[in-house]
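This report is meant to be read alongside the sequence and the coordinates. Please keep both in view while going through the local features described below.

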Amino acid sequence: MATIEVDGTSYEVDGDRNLLDACLGLGLDLPYFCWHPTLGSVGSCRQCAVRVYANAEDTRGRLVMSCMTPVTDGQRLSIRDPESQAFRDKSIEVTMANHPHDCPVCEEGGECHLQDMTIMSRHTERRYRGLKKTYTNQYLGPCISHEMNRCIACYRCVRFYNDYAGGKDLAVLASKENVYFGRHEDGCLESGFSGNLVEVCPTGVFTDKTLSRSYNRKWDLQSAPSICSSCSLGCNISPGERQGRIKRIVNRYHHDINGYFICDRGRFGYDYTNADQRIQHCSIRQSADVTEEAPDYRDAINAIAVELAGAATGGNLIAIGSDRLSVEANFALQTLVDEDNFYSGMDPVQHQLLQSVLGIYRRPGIHAPTLREIESADAVLILGEDLVNSAPRMALSVRQATRNLSFELARKSQIPLWQDTSVRNLAQDRRSPLMILSVAGTDLDAIASLRLSAAADDIARLGFAVARCLSDRAPAVPNLSPDLESTAAGIADCLLRAKNPVIISGTSCNTPSVVESAAQVAMALSLAKSNGQIRPSWLSYVLPAANSLGLAMLQEGNDDNHLERAMQRVLANPGQCTALILQNDLYARAEPSRVDAFFGNLKSCIVLDQQPNRTTDRANILVPTQTDFETEGTLVNNEGRAQRYFEVFATDNPSLRDNWKTIANMAKAWVNPGTGQGLPESLLALARCENFDDLIALLKNRGGLFGHWDRAAPNAAFRIAGLKIPRMPHRYSGRTSLRANIRVAEAKQPEDRDSPLGFTMEGAPINIPGALTPGFWSPGWNSGESLNKFQDEINGHLKGGDPGLRLLQSPAATDMSAATSSDWFSVPAATPTAANGRLLAVSLPRLFDGEVLSALSPALAQRAELPQLEIHPETAAAVGLVEGHIATIRLESCQLKLPLRFNPRVASGLVAVPADVKTAGILPPVLLPAAVTIE
Amino acid sequence: MTELIASTANLPAAGEIEPLTPEERAEIEHEISHYPNRQAATIEALKIVQKYQRWVSDGKVKAIAEVLDISPDAVDAVATFYNRIYRQPVGQKVLAICDSVSCWLLGCTELMDHASRSLDIEPGETSSDGRFTLLPTPCLGACDRAPVMKFEDKLITNLTAETLDWILKS
């Protein structure tokens, strides 16, 4: 720590920071452009000048750029002295000379850092009367608009896109006053993190094209704290709504997870919620060809209750949950039908994989790291995950982790870590070790110290061999080639030497041995590193969906209640069972023919869903569900953090209710007609749930992992000075006239009985808990940079606390030496080499079209590559296949035709099948890996 | 109105690659052998292509990127940074008149105007007969003999309107 004196007041600050960072962290107003909390300082914009004094006697001082000046103990400086103020004013006047006067039509207006800084610098009059520079803009794809005239050359875009995110197709072109930030030719920005340019750019050069289709200012958008549901990481987001449509998504800072950045799938994948094809009304199919469209919601629920009651008495009621929906919705369904009749909706392998992951996370010696912790790792081992496609934000964290060597070198050379250019120059291409074992190569391979492609079981065998090298108590791996033995020894050595190694794996391979081998490495590493005191190893699993772990927790210890069991039960009792299916297209979950048989043998099928699909086509009664933007709930991310998301806006469709509420209403209708006698108490309790907190209380009663469920976020009774927290910015315009075309009188604002947030502009503006912060704004700071005011220090924790509740804490230090042979997983056999034209088909996750809902967004669909089968050229030659030809792969019950592409990174003997939603509709990825014929 | 699942990508097609000639490729490979990584030869590669083509087209930028194993954007960032790498076709001869301070004090503005009028083009343009391209250039390091001009690879010192006329007529 160091003491600095700013304009006569003394402060304690972190001595490792620069002056700008320290001043902003103290909540002081000091303008800047090129500096960014995670990108460091380059000193190019000259906007953050302050006066520093040499000592107590010095009265003249000198102007310095605060972002390039380290904090020193006893430093005196002034932000308010007239000369530094004048310097900043003139500096911004020069910056603005070429900036257009187009704020009224610029999409950044109202949340523009340049606007804020111009006003803060008191540059209020433009004297320059000459011509301004004009540029030709580029087409950058369906997500980002480009308006180079507004550029102030702060270089933040390329520093984020290339240096931070590893992008290759954005460059600084030309020089001096002609400098141009763009691509070498028009075309879609390739990086899966390009959307962050919208927030990184301090002005309107890069703006959100999906917002501009139907544009609103930031102050006209209603927001609520939300959690991205397009992968298992649980990034915090802030969606903006106007007139019943989600208009855009911006990052909502979470210290431990997403920090300042989210991926493009999370940012641009929201359009499914606005889709015309959404299911809007209930429907009841009386017979095969008579469907009653749009019965009243109440009638539909009553009809369902009759079905449920009838089926339940015969013991023929089953329900299928969803790993995409909240814990609460799944819990309500589980309570409605009773635990024994509730099935996860996952195929057996995936179901058991998730139970296995949950069990591993709860072992001593294992710690599930946050993304922030992964970023601090100095060695990373990835087993079988293509992170860029399966958990994009984690790939960005791993990329930063490889820079820890450069920070180490900088520390040795006494270069401050925020001196971005110097640190990068010092390290050149040297990176911390990143070791990737994958089935078909990954986009992180370019910065990996070791990359190896192999079939899943062979990846696992190598993992087990690493574990064996780390601890000779782990079982040995038979029949491993000397080459692989030495590779394993190398990896083990690397993990041992690292201070904070992290092991990453996941469910993408759909192979238990891969998940187990990662745990084996972590356990062996804990043993190897323990000297009396056990130090938990960092082990992170990437999971299939946003609430995979939450659903697994609801079924903890139950390896059996998966989709296959449900199907077996239905097929064993043809024409008897009634199934209640919660937002889960079963055709993407099992062999299509088997799903057909399942539906064919049901007595009645009740489906709750938001988008039409092949499962909703089979429903006898269909009830629409809300998207995550329209309801509240809790998702458990891949590290076991329960995070609450809230309704962004109230829908006015009477058939669209909260998903948990619809299920509670079914319970109510079931119990009401005096049939309550003999029904289980849990069902009666569910029927009594009037609001979300009632349901939370029920869930909390389960105890165990759910024992503190109410702590994930404050409940609906929470108030600040007696006030709710407003969802609308205080400048929200047109509230009284928004619906004037329907009715002149202003509509009553909807009530929210389920959360402490209000659908209004009025309410508590300050001291909001982190979990309830809809977005960031502070007086004088209209842009997202206002975040500085919400953190305890720059890049630190939110003052209101980090949102969410970690459910899985490492057990207290246990003596790992007690680990017995039964704690070790057993080693799988090597994958047999391809024979008789048969290959092993594996599934590859896809960033833009790999997740069911976000893939419906046109902006993402356009960015997705055409699906192709990928194969190693030598493997192709061995089975006589030619690149570019349409190849057909056959499983027992499915066949798939796709063009063939050669990719030398695919492991030999494998054919890689894209897991995009269209291909998954024909060949569900859960059927892979499997031996296939190919021709 | 939101239409779900747009059909296949209808993004604009990227420009064609213009393959390197065998001579260009050989010389670039030779330069690469001098450096620890291929990217380091970017400037030399651009100079080699310009030596043969007199300018560097978009297609050649892509070809260079391919041989250096970097993105075309990274090549173009270098190519556009240097004003003597031509990203548009130039005339048979290039006149580059220095406009830095010493030459400015000694009348380069008038010389530029003179050349401009004589060729009937603005600085940065090529004469209609394709013979000359007129460019301004920053300091050429010969301030003691200002004003100066680079004429192809020759340095013309103590430049006068007469010298310019003589060059333009020759």
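The following paragraphs deal with backbone geometry, one strand residue and its contacts, and a patch of surface charge.

The model is predicted, and the values given here are computed from it.

**Backbone geometry**

Two cis peptide bonds that precede proline may be taken together. In chain A, the bond leading from A:L928 to A:P929 is cis, its omega being near 0 degrees, and A:P929 itself sits in the loop that runs between α27 (917-922) and β37 (930-934). In chain B, the residues joined by a cis peptide bond are B:A146 and B:P147, with an omega of about -5 degrees; B:P147 belongs to the loop between β2 (132-137) and β3 (149-151) of that chain.

Two residues of chain A have a positive phi although neither is a glycine, namely A:N510 and A:Q583. The table sets out their values and places.

| Residue | Phi | Relative accessibility | Loop in chain A |
|---|---|---|---|
| A:N510 | about 60 degrees | 8% | between β22 (501-506) and α18 (512-529) |
| A:Q583 | about 35 degrees | 7% | between β24 (577-582) and α21 (592-600) |

Because buried means under 20% relative accessible area, A:N510 counts as buried at 8%, and A:Q583 likewise counts as buried at 7%.

**A residue of strand β22**

The strand β22, after which the loop holding A:N510 is found, contains A:I504. With a relative accessibility of 0%, A:I504 counts as buried. Which residues does A:I504 contact, leaving aside its neighbours within four places in sequence? They are A:I374, A:V380, A:L381, A:I382, A:L383, A:L387, A:M394, A:V398 and A:S540. One of these partners, A:M394, is 110 residues from A:I504 in sequence, while the C-alpha atoms of the two residues are 9.7 Å apart in space.

**A patch of negative charge**

On the surface, a patch of negative charge is formed by A:E292, A:E293, A:D296 and A:D299. Of its members, A:D299 can be placed within helix α8 of chain A, which comprises residues 297-313. Is A:D299 buried, exposed or partly exposed? Its relative accessibility is 44%, and A:D299 therefore counts as partly exposed, since that class lies between the limit of under 20% for buried and that of over 50% for exposed.

Definitions and conventions. Residues are numbered from 1 along each chain as its sequence is written. Chains are lettered from A and ligands numbered from 1 in the order in which they are written. This is a predicted model: local features need pLDDT of at least 70, side-chain atom pairs count only at pLDDT 80 or more; totals for chains, interfaces and linings use all residues. Side-chain values use heavy atoms; hydrogens and water are left out. Patches are made of residues with over 30% relative accessible area and no salt bridge: like charges are joined within 9 Å, nonpolar side chains (Val, Leu, Ile, Met, Phe, Trp, Tyr) within 5 Å. Accessible areas come from the Shrake-Rupley method with a 1.4 Å probe; for residues, only the protein chains shown count as cover. A salt bridge is a side-chain nitrogen of Lys or Arg within 4 Å of a carboxyl oxygen of Asp or Glu. Lys and Arg count as positive and Asp and Glu as negative; His and the chain ends are not counted. The place of a charge is taken as NZ of Lys, CZ of Arg, CG of Asp or CD of Glu. Helices (H or I, at least four residues) and strands (E, at least two) are DSSP runs, numbered from the N terminus. Buried means under 20% relative accessible area, exposed over 50%, partly exposed in between (1.4 Å probe, protein chains only). Contact means heavy atoms within 4.5 Å.
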